[in-house]
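Here are a few short exercises to try with the model open beside you. Have a go at each task before you read its solution.

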Amino acid sequence: MLGTTSLAGLPSALFTAGSALAAVSVGRISQARGRCPGLATGYLTGAVGSAGVITAAVLDNPVLLFIALFVYGAGTATNLQARYAGADLAPAGQRARAVSSVLVATTLGGVAGPNLAAPAGTLAEHLGIPHLAGLFVISGAAYALAALVLALWLRPDPLLLARAVTQAKEAAAAANRATTDTADTDKGRSGVVLGALVMILTQLVMVAIMTMTPVHMHDHGHSTAASGLVIGIHIGAMYLPSPLTGGLVDRYGHMKIAAASGITLLAAGFLAAVAPGDSVFLLALALALLGLGWNFGLVSGTAIIIDTVPLATRAKTQGLVDVSIAIAGATGGMASGIMVAATSYPALALTGGALSLALLPAVAATAYRAGARPTRAGAPWHADAPED
């Protein structure tokens, strides 16, 4: 519909930008009324966006397409917010594994989705809808079903129950809090900053390289099926390792896995840059590493946020952090097409890989400051130590 590859990143940027607004809304609704109303509202909004994309495709209306893609981003934001619900009732030392359980549950749909392009297109044509809009028929139905499942069966609400369970403990700890407010506040601030930075950089690099890989493959004569296979492998690598990643974070700490994320993304960018354009295998391997690096960053960054933000403001803060992640994704999606048009796909991949290295000094600096900071017991607080 746009007629130029220089704007190929625009749709991704639009629904990612839309997810930023949705992340705030879902976070605020969850904070005020619980996870169930927040997540169900977000998924239902994603279903409305899917219907708008289909309508825009039928009418060949780019303006309506842009608006609908923005609304459609609510589904993406809600998928991300759902991972926090998995950790609301998890004890310290098991929160990363709880997050990873939610992430791995998306694997089946994530891997199957891109490979449904051909059959979904056939279905769309039977319905009188343009071929490439077929996937939005499936996504719209999936989002609507997710909203219905949550509204009917998410009982009790995990966030509301977690608050009820912790009220007594917080009241008992109130007497000690006066002497530890400064240390706890510093810990929370550094944790939020680091956790957000890890997820922002991994999202930026992942979206930028992923968005332009199908375009790069198309320019080298690969079919839509080949592109779907590569993206399917990439999405599988984003979610399938989650149980392993969660266990690694809980066992070895946030910092080590966050650093591993930067190194893995660097390897992915380098391989994508040097891979021959006609090699599906090497491009698939590069995208698999890209997904794995993203997984390391998301699980470790999420665990950092969960461990350092108090339950009373957790959902709201998580929503705001996810806004930053969404903006990073929108930036990566928009800039990727412009950069490839101005330079090349290898240049984009190398730039993304180099940018991911910024995680290493950030992790090192935070770990150093945390190691020198006194806690309520007078001993240093270690950034990788689990909460009591």
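**Exercise 1.** Decide whether Gly319 is buried or exposed, and find what Gly319 touches far along the sequence.

*Solution.* Keep in mind that you're looking at a predicted model.
- Step 1: find the residue. Gly319 sits in helix 13.
- Step 2: check its accessibility. The relative value for Gly319 is 1%, and the cut-off for buried is under 20%. Gly319 therefore counts as buried.
- Step 3: look for neighbours, skipping residues up to four places away in sequence. That leaves Ala23, Val24, Gly27 and Gln81 in contact with Gly319.
- Step 4: try a C-alpha to C-alpha distance. Ala20 is 299 residues from Gly319 in sequence, yet 8.6 Å from it in space.

**Exercise 2.** Work out how helix 9 and helix 12 are arranged: which angle and axis distance describe their packing?

*Solution.* Two numbers do the job here, since a packed helix pair is described by the angle between the axes and the distance between them.
- Step 1: read them off. Helix 9 (residues 224-239) and helix 12 (residues 280-308) pack at about 25°, and their axes are 7 Å apart.
- Step 2: name the arrangement. Angles under 35 degrees count as roughly parallel, so helix 9 and helix 12 are roughly parallel to each other.
- Step 3: add the handedness. The crossing of helix 9 with helix 12 is right-handed.
- Step 4: see who meets whom. Helix 9 brings Val230, Ile233 and His234, among others, while the helix 12 side includes Leu283, Leu287 and Trp294. Sorted by type, the residues of this contact come out as 13 nonpolar, 3 polar and no charged.

**Exercise 3.** Explore the largest nonpolar core: which residues touch the most other members?

*Solution.*
- Step 1: pick out the hubs. This core has 50 residues, and Met199, Leu290, Trp294, Val321 and Tyr345 touch the most other members.
- Step 2: ask which element gives the most. That's helix 12, with 12 residues.
- Step 3: zoom in on one hub. Leaving aside neighbours within four places in sequence, Trp294 contacts Leu80, Thr202, Gln203, Met206, Met238, Tyr239 and Leu265.
- Step 4: look for another core. There's a second, separate one of 24 residues, with Leu14, Tyr43, Val53 and Ala82 among them.

**Exercise 4.** Is Asp88 buried or exposed?

*Solution.*
- Step 1: locate Asp88, in the loop between helix 3 and helix 4.
- Step 2: its relative accessible area is 7%, so Asp88 is buried.
- Step 3: list its contacts beyond four places in sequence. For Asp88, these are Arg35, Pro158, Leu159, Ala162 and Arg314.

How values were computed. Residues numbered from 1 in each chain as written. Predicted model: local features only at pLDDT ≥ 70, side-chain atom pairs only at ≥ 80, totals over all residues. Heavy atoms only, no water. Axes fitted to C-alpha atoms, helices over the stretch in contact; angles between N-to-C directions. Helix = DSSP H or I, 4+ residues; strand = E, 2+ residues; numbered from the N terminus. Parallel < 35°, antiparallel > 145°, perpendicular 65-115°, else oblique. Left-handed = near helix turned anticlockwise from the far one by under 90°. Contact = heavy atoms within 4.5 Å. Nonpolar A, V, L, I, M, F, W, Y, C, P; charged D, E, K, R; others polar. Core = buried A, V, L, I, M, F, W, Y, C linked by side-chain atoms within 4.5 Å. Buried < 20%, exposed > 50% of the residue type's maximum accessible area, 1.4 Å probe, protein only.
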